Amino acid sequence: MRGERAPRLHRWWTVLTVPLLASCGNELALDPQGPGAVQIANSWWILYWAAVAVCLIVFAALFAAVWRRRQSAEHPQAEVRGKAVVLWGGAVIPLLLLIATTVLILLGMRWLDAAPPEDALAVRVTGHMFWWELEYPDAGFATANELHIPVGQPVRLELESADVIHSFWVPQLHGKTELVPGRTNELVIQADAPGVYEGFCAEFCGQGHSHMRLLVVAQMPAEFDQWLEQQAADASPPDTELAEQGREVFGRLICSNCHSVRGVSEAVVEAGPDLTHLGSRSTLAARTLPNTRSQLANWITDPQGIKPGTQMPATPMTGQELDALIEFLGVAE
Ligand code: CUA
């Protein structure tokens, strides 16, 4: 008999920890900052409160049934009443609840599927193992891992993949949408307030999946236009001797095989993020590190240690070459 206690304890412990573990998810989705995310959060709350109401009613009925069990043995009429409770509580009401929640959720989904408005800004988002290429076709440039959008304006994202299936997810702005090789999916996002919103790859895509993150920076329209103009411009040519040495290092070592610095150095194959105006971004390696000189040095010397699975190889170089390279890339501090 004593031997049975331990498994029983385990069972109770498991039951008790499920609700705790269930709350380990990402709570950002319940702090929506755009119409798409508001719609999704509303659907979530509808289901949540429906589930709470059903639980309370079922438990109340269960306790009432246990409490009044003896009565039914003595009064046959109570048994008839009991059957009516089972019919209504066990079939009719749950069915009505299911129909109501399904209709509400379907209406929400139809709203989410509506065609993007004419004035939507188009951005092509390409998923790579393990970073995000962000192309602004109207402005004619590409950047990486930091998506800037104007506040209050719908943005139509054309989602594509260069390799495997990824999933674009910025919980405060919208739900997840997959990036599938060979097809273009569409997602319309909009931010109602300026701010920096965290984004993730939400589909396991390989060893570096957890480091495939991005930022969405929502700016007031005037500020966004300024950013767009600044990013569309080519990089300025190196203006110090150290930066000039850096350009030489960038071209001589393998950096320029995969990375472009527009107007200064074109990649042989555009396999890595465009590094034009790298200094204007706040993170490195798809939100793995803050964008500082020391972290950039760490990233260049040990990419596999920092982000296992990245396509970026370590490039042996002297300390002087590294300093020059960082100067050339324009990361200020
Ligand atoms: Cu890309 Cu996970």
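Student: Why does E321 count as buried?

Tutor: Buried means under 20% relative accessible area, partly exposed 20% to 50% and exposed over 50%, with a 1.4 Å probe and protein chains only. E321 has 16% relative accessibility, so E321 counts as buried. This is a predicted model, in which local features need pLDDT of at least 70, side-chain atom pairs count only at pLDDT 80 or more, and totals for chains, interfaces and linings use all residues. Residues are numbered from 1 along each chain as its sequence is written, and side-chain values use heavy atoms, with hydrogens and water left out.

Student: Why is R252 called partly exposed?

Tutor: The relative accessible area of R252 is 46%, so R252 is partly exposed.

Student: What makes the pair R252 and E321 a salt bridge?

Tutor: A salt bridge is a side-chain nitrogen of Lys or Arg within 4 Å of a carboxyl oxygen of Asp or Glu. The side chains of R252 and E321 meet at 2.9 Å, N to O, so the pair satisfies that definition.

Student: How do you know that D274 and R262 form a salt bridge?

Tutor: Their closest N and O atoms are 3.9 Å apart, so the pair also qualifies under the 4 Å limit. Both D274 and R262 are buried.

Student: Why is the pair R124 and E135 said to tie parts together?

Tutor: Their side chains meet in a salt bridge at 3.4 Å, N to O. R124 lies in strand 1 and E135 in strand 2, so the pair ties together parts that are eleven residues apart in sequence; strands are DSSP runs (E, at least two residues), numbered from the N terminus.

Notes:
Helix = DSSP H or I, 4+ residues; strand = E, 2+ residues; numbered from the N terminus.
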